[in-house]
Amino acid sequence: MTREVTQVTHPDDNCRPATSWRRATAAFHAWRTRRQEHAPPTSDTGSPAPEPVPGANTLWRMRTTVQDEPGSLAALCGALSGLRVDILSLQTHPLATGTVDEFLLRGPAGLPASEVTTAVESAGGTDTWIERADAHDLVDAPTRVLGLAARTALDSAELPLALRQLLGRCTIRSRPAPAGGGQVTGGVPVEGALDDTVMRLRGPEGGVITVERPYLPFTPTEFARARALVELDARLGPRLPHGRDLLTLAEGSDITVRRADTRDLEAARAMHDRCSAHTLKLRYHGPVGDADRYLNHLLSPRYGRTLAVQTASGRVVGLGHLLWDGDETEVALLVEDAWQRRGVGAQLLSRLVAMAVEAGCSSVYAVTQASNTGMVAAMRGLGLPLDYQVEEGTLVITARLGEAVVRSAEELGSASAP
């Protein structure tokens, strides 16, 4: 099972700045939707079976619903034993009319998932779901949940990723609270709401977090775990890791690269004011009509991670954003005119890619224009395989991440680590 990052869509259109920017983004997402399907199938993930290797095994994650009565679990265990399948771990999710049993299984490499499903259903299991697992799934559930809670406690930006890793492949949407400090209710009670494949939780800032997993209904146990993570995040308030990198540029200037969030809104707005109209147009694909709201969204840890470049005098002269958007996480850069062509953008981009690798992303993409030679050069400078796509005048550059990036991420150390 491949670890994936959380897909977080942007807030409602009334929080977006420019019509031209919306058109560019809509064009990209239309292309992306045509290129790939998001929801996995309802049973086996469809991953090709490897060539059989003598003595090799395959790990599977499986869920099935059984009647809550004596002997039901024993029947399942007997069916799996007949296929020479070992049960490595078992979690039970009580329901009103039965129990969802979640297994981590180890079986012969040549055993197809369909045969496991048939055996389980013949033993009384219903609504059976199965997919490939990997070594990460060998960690027991309490240890995994505690690890996710620790990551969430250290960094506000970890909440979407923690929810994704807790719940598997799902879509997470954050709807912000309305302007003026009000709260989004939308019929969601304080304790949240669970409706089959959709759960809605009150966000830490008064908005609503919606989690949808169309291929597998949520259980009350999963709902309780997700709600506990969100409540932990709300109680701890805004927080960022304290790590920062001090860099010396080629011409001798010292800069600091650090994590940023909405508390840097004033400094980011001041940098916007110092940027030329041309620079802002290249970054946002058009005029920025509502910079305050737009920057507030970009700096929010709910939608990704932000790095700020700060001079020795404390002035912010560059921003880099890593925005959660499924496997093809977006990277975006803005460097003040006076600091362009000094390597600032390349430093930002390399660190954003390192954070994407750390978060388990398989690729990153940049939405820009062909005339933005600085961004194009920075993407090429990564030394990664690149794909180029032009959609309605917008250039989308996708970089595929791999082992080489993992090594470079380790060498960079981190502005994102505590």
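Does Cys170 fall among the buried or the exposed residues, and at what relative accessibility? Select Cys170: at 1% relative accessibility it counts as buried (buried means under 20% relative accessible area, exposed over 50%, partly exposed in between, with a 1.4 Å probe and protein chains only).

Before going on, note that this is a predicted model, in which local features need pLDDT of at least 70 and side-chain atom pairs count only at pLDDT 80 or more, while totals for chains, interfaces and linings use all residues. Residues are numbered from 1 along each chain as its sequence is written, and side-chain values use heavy atoms, with hydrogens and water left out.

**The cysteines**

Next select Cys77, which counts as partly exposed because its relative accessibility is 30%. A disulfide is a covalent bond between the sulfur atoms of two cysteines. With a disulfide taken as a pair of cysteine sulfur atoms within 2.5 Å, the count here is zero.

**The whole chain**

Zoom out to the protein chain. Its secondary structure comes to 12 helices and 17 strands; these are DSSP runs, with helices (H or I) of at least four residues and strands (E) of at least two, numbered from the N terminus. Of the 418 residues, 51% count as buried. Take contacts (heavy atoms within 4.5 Å) between residues at least 6 apart in sequence: 68% of them join residues at least 24 apart.

**Helices H4 and H6**

Two packed helices are described by the angle between their axes and the distance between the axes. Axes are lines fitted to C-alpha atoms, for helices over the stretch in contact, and angles run from 0 to 180 degrees between N-to-C directions.

Select H4 (141-154) and H6 (residues 220-236). They pack at about 25°, with axes 10 Å apart. H4 and H6 are therefore roughly parallel (angles under 35 degrees count as roughly parallel, over 145 as roughly antiparallel, 65 to 115 as roughly perpendicular and the rest as oblique). On H4, show Ala141, Val145, Leu148, Ala149, Thr152 and Ala153; on H6, show Arg225, Leu229, Leu232, Asp233 and Leu236; these residues make the contact. They divide into eight nonpolar, one polar and two charged. Here Ala, Val, Leu, Ile, Met, Phe, Trp, Tyr, Cys and Pro count as nonpolar, Asp, Glu, Lys and Arg as charged, and the others, Gly among them, as polar.

**Helices H5 and H6**

Keep H6 and add H5 (residues 158-167): the angle is about 165° and the axes are 11 Å apart. H5 and H6 are therefore roughly antiparallel to each other. The H5 side of the contact is Leu159, Ala162, Leu163, Leu166 and Leu167, and the H6 side is Glu222, Arg225, Ala226, Leu229, Val230 and Asp233. This contact has eight nonpolar residues, no polar ones and three charged.

**Ser156**

Now select Ser156, in the loop between H4 and H5. Ser156 is buried, with a relative accessible area of 3%. Leaving aside neighbours within four places in sequence, Ser156 is in contact with Asp233, Gly237, Pro238, Arg239, Pro301 and Arg302. Select Gly304 as well: it is 148 residues from Ser156 in sequence, and their C-alpha atoms are 9.4 Å apart.

**Two positive phi values**

Most residues other than glycine have a negative phi. Asp127, in strand S5 (residues 126-132), has a positive phi of about 50°. Asp127 counts as exposed, at 65% relative accessibility.

The last stop is Asp196, in the loop between strand S7 (193-195) and strand S8 (198-202). Its phi is near 60°, also a positive value. Asp196 is partly exposed, with a relative accessible area of 48%.
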